[in-house]
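Please open the model in a viewer and keep the sequence panel at hand. The tour below proceeds by selection, one stop after another.

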Amino acid sequence: MQGVSPTVSGVAFLARPGRPAVVTRTLVELAGPTRGIVELPVRLMWNAERTFDLGDPDQLLWLYENVLRETTRAEDLRSLINGRTLRRVWRLLNLPRGVRQAWESRHHPLRTA
């Protein structure tokens with residue numbers, strides 16, 4: 001199953017100029033880890049320090065922000081983001097407007113999370 005890029009009037013929400021935001025069809029399919037250490041692939045973070053301790057709230061937010069902003073693959077979302085955790089931290093995430101709009105237009109519960 002591919003990710004989707006929600007649109008309004010046929011124009012995709014953008015994570016950055018020229019790159020549509022990638023959104024999964026459901027939040028349930030987001031089965032990423034909820035604890036431990038996660039290392040992002042270079043395609044999602046070029047920094048040499050790409051490991052995140054999910055037990056540290058700031059590191060968890062930083063991981064989610066990077067994945068949601070940088071991914072071009074729905075599989076990254078499924079393997080790195082946890083749906084329940086995403087709902088819990090949604091309002092705390094610093095995301096580009098296009099990413100936030102894409103996710104909230106597809107997943108209405110995030111609007112009130």
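Begin by selecting Asn66, which is buried, with a relative accessible area of 4%; buried means under 20% relative accessible area, exposed over 50%, and partly exposed in between, with a 1.4 Å probe and protein chains only. This is a predicted model, in which local features need pLDDT of at least 70 and side-chain atom pairs count only at pLDDT 80 or more, while totals for chains, interfaces and linings use all residues. Residues are numbered from 1 along each chain as its sequence is written, and side-chain values use heavy atoms, with hydrogens and water left out.

**Stop 1: Asn66 and its surroundings**

Asn66 belongs to helix α1, residues 57–70; helices (H or I, at least four residues) and strands (E, at least two) are DSSP runs, numbered from the N terminus. Display its side chain together with that of Arg69: the two make a polar contact at 2.8 Å. A polar contact is a pair of N or O atoms within 3.5 Å; within protein, one must be able to donate a hydrogen and the other to accept it, and residues adjacent in sequence count only if both atoms are side-chain atoms. Then add Leu40, Leu44, Met45 and Thr71, with which Asn66 is in contact once its neighbours within four places in sequence are set aside; contact means heavy atoms within 4.5 Å.

**Stop 2: the whole of α1**

Extend the selection to all of α1. Its end C-alpha atoms are 20 Å apart, which agrees with the 20 Å that its 14 residues should span at 1.5 Å a residue; the expected span is 1.5 Å times one less than the number of residues. At the N-terminal end, Asp56 acts as a cap, with a side-chain oxygen 2.9 Å from the backbone nitrogen of Asp58.

How much of α1 is covered? The helix is mostly covered, ten of its 14 residues being buried. Among them are Leu60, Leu61, Tyr64 and Val67.

Next, select Glu65, also in α1. Glu65 counts as buried at 9% relative accessibility. Not counting residues up to four places away in sequence, Glu65 touches Leu92, Leu93, Asn94 and Leu95. For a distance check, draw a line from Glu65 to Leu14: the C-alpha atoms are 15 Å apart, and the residues are 51 apart in sequence.

**Stop 3: the salt bridges**

A salt bridge is a side-chain nitrogen of Lys or Arg within 4 Å of a carboxyl oxygen of Asp or Glu. By this rule the count comes to eight.

Select Arg78 and Glu29, whose side chains meet in a salt bridge at 2.6 Å, N to O. Arg78 lies in helix α2 (residues 74–80) and Glu29 in the loop between β4 (19–20) and β5 (37–39), so the pair ties together parts that are 49 residues apart in sequence. Arg78 counts as buried at 15% relative accessibility, and Glu29 is buried at 17%.

Move to Arg50 and Glu39, where the closest N and O atoms of a salt bridge are 3.1 Å apart. Arg50 is in the loop between β5 and β6 (51–53) and Glu39 in strand β5, so this pair joins parts that are eleven residues apart in sequence. Arg50 counts as buried at 16% relative accessibility.

Then select Glu104 and Arg91, a salt bridge with its closest N and O atoms 3.2 Å apart. The pair links distant parts of the chain, with Glu104 in helix α4 (residues 97–106) and Arg91 in the loop between α3 (83–89) and α4, 13 residues apart. Are these two residues buried or partly exposed? Glu104 is buried at 14% relative accessibility, whereas Arg91 is partly exposed at 42%. Lastly at this stop, highlight Arg19, Arg69 and Glu70, joined into one network by salt bridges that share partners.

**Stop 4: helix α4**

Colour the buried residues of α4: Gly98, Val99, Arg100, Ala102, Trp103 and Glu104. They pack against β3 (14–16), α1, α2 and α3. By contrast, select Gln101 in the helix α4: Gln101 counts as partly exposed at 36% relative accessibility.

Finish with Arg100 and Trp90. The charged end of Arg100 sits over the ring of Trp90, 4.8 Å from its centre; the criterion is NZ of Lys or CZ of Arg within 6 Å of the ring centre and within 35 degrees of the ring normal.
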